[in-house]
Amino acid sequence: VLTKELSKVAKKVVAVELDSRLIPVLKETLADCSNVEVVNADILKTDISSLFPKDAQISVCANLPYYITTPILMYLLESDFNISNITVMVQKETADRLCAHLGTRECGAISGAIEYYSEAKKLFDVKASSFIPAPKVDSSVISLKVKKKEKNKKLFTLIRAAFAERRKTAIN
């Protein structure tokens, strides 16, 4: 449903789906969408920029699998892909952490990375009852406006280490 709606407003839509059993269903339901390309691949192993014209501004819009939200977001943010914004639906508690400001109780290592690479904003919540079958948790849609920042892996190694022991002080 999301892909079909995106095809109405985007010049090109690429749907990356890992589950090969869904590919025939997607191709059938999206057959009338000439600007949609369905790719059977793992997003974490996909060179997104190879799927678009060289100078294209890429917007990512997805309903992310909850168990792999953080690796996907970090892959996209730390990549050299020409991504201008990311709009995703994630588990509500994850959204709260992703959008937490530095220095707040909800803040974690991922919050620091998200704030470094983007301007995060929680757009709205989605009740579990909105889905069939209903998941066990509520969701939230967040928007990340990607900043053009230099990638700094050493900084994030330090941040992850600092948040590994939440009750310890920096000196310890």
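I take two residues to be in contact when they have heavy atoms within 4.5 Å of each other, and I keep to that reading in every entry below. The model I am looking at is predicted.

**Entry: helix 3 against helix 5**

With that cut-off I looked up which residues join the two helices, and I found that Thr70, Met74, Leu77 and Glu78 in helix 3 meet Ile110, Ala113, Ile114 and Tyr117 in helix 5. Helix 3 covers residues 69-78, while helix 5 runs over residues 109-117. For the geometry I noted a packing angle of about 30° and a distance of 11 Å between the axes. Because angles under 35 degrees count as roughly parallel, I enter helix 3 as roughly parallel to helix 5. I also recorded the handedness of the crossing, which is left-handed.

**Entry: what lies over helix 3**

I then asked which residues of helix 3 are buried. My list reads Thr69, Ile72, Leu73, Met74, Leu76 and Leu77, so Met74 and Leu77 appear both here and among the residues that meet helix 5. The cover over these buried residues includes helix 5 itself, together with helix 4 (92-98), strand 3 (58-63), strand 4 (83-91), strand 5 (118-126) and strand 6 (139-146).

**Entry: aromatic pairs**

How many aromatic pairs does a search of the whole structure find? I count two in the result. In one of them, the ring centres of Tyr75 and Phe81 lie 5.7 Å apart with the planes at 75°, and since planes over 60 degrees apart count as edge-to-face, I class this pair as edge-to-face. Tyr75 is partly exposed at a relative accessible area of 23%, whereas Phe81, at 13%, is buried.

Tyr116 and Tyr117 form an edge-to-face pair as well, with 5.0 Å from centre to centre and 85° between the planes. Here I checked the accessibility of each partner: Tyr116 is partly exposed, with a relative accessible area of 22%, but Tyr117 is buried, with a value of 2%. Tyr116 lies in helix 5, and I noted that Tyr116 and Leu77 are 39 residues apart in sequence, with a C-alpha to C-alpha distance of 9.7 Å in space.

**Entry: a charge over a ring**

I looked next at Lys12, whose charged end sits over the ring of Phe52 at 5.4 Å from the ring centre.

**Entry: Ser7**

Is Ser7 buried or exposed? Its relative accessibility is 12%, and because the limit for buried is under 20%, I enter Ser7 as buried. Ser7 lies in helix 1, which spans residues 2-7. Setting aside the neighbours within four places in sequence, I find Ser7 in contact with Val13, Cys33, Asn35 and Val36.

**Entry: the chain as a whole**

To close, I went back to the overall layout, where the protein chain comes to six helices and six strands, following the pattern α-β-α-β-β-α-β-α-α-β-β-α along the sequence. Of the 172 residues in the protein chain, 34% are buried. Taking the contacts with a separation of 6 or more, I note that 65% are between residues 24 or more positions apart.

How values were computed. Residues are numbered from 1 along each chain as its sequence is written. This is a predicted model: local features need pLDDT of at least 70, side-chain atom pairs count only at pLDDT 80 or more; totals for chains, interfaces and linings use all residues. Side-chain values use heavy atoms; hydrogens and water are left out. Rings of Phe, Tyr and Trp (its six-membered ring) pair if their centres lie within 6.5 Å; planes under 30 degrees apart count as stacked, over 60 as edge-to-face and the rest as tilted. Buried means under 20% relative accessible area, exposed over 50%, partly exposed in between (1.4 Å probe, protein chains only). A charge sits over a ring if NZ of Lys or CZ of Arg is within 6 Å of the ring centre and within 35 degrees of the ring normal. Helices (H or I, at least four residues) and strands (E, at least two) are DSSP runs, numbered from the N terminus. Axes are lines fitted to C-alpha atoms, for helices over the stretch in contact, and angles run from 0 to 180 degrees between N-to-C directions. Angles under 35 degrees count as roughly parallel, over 145 as roughly antiparallel, 65 to 115 as roughly perpendicular and the rest as oblique. A crossing is left-handed if the near helix is turned anticlockwise from the far one by less than a right angle, and right-handed if clockwise.
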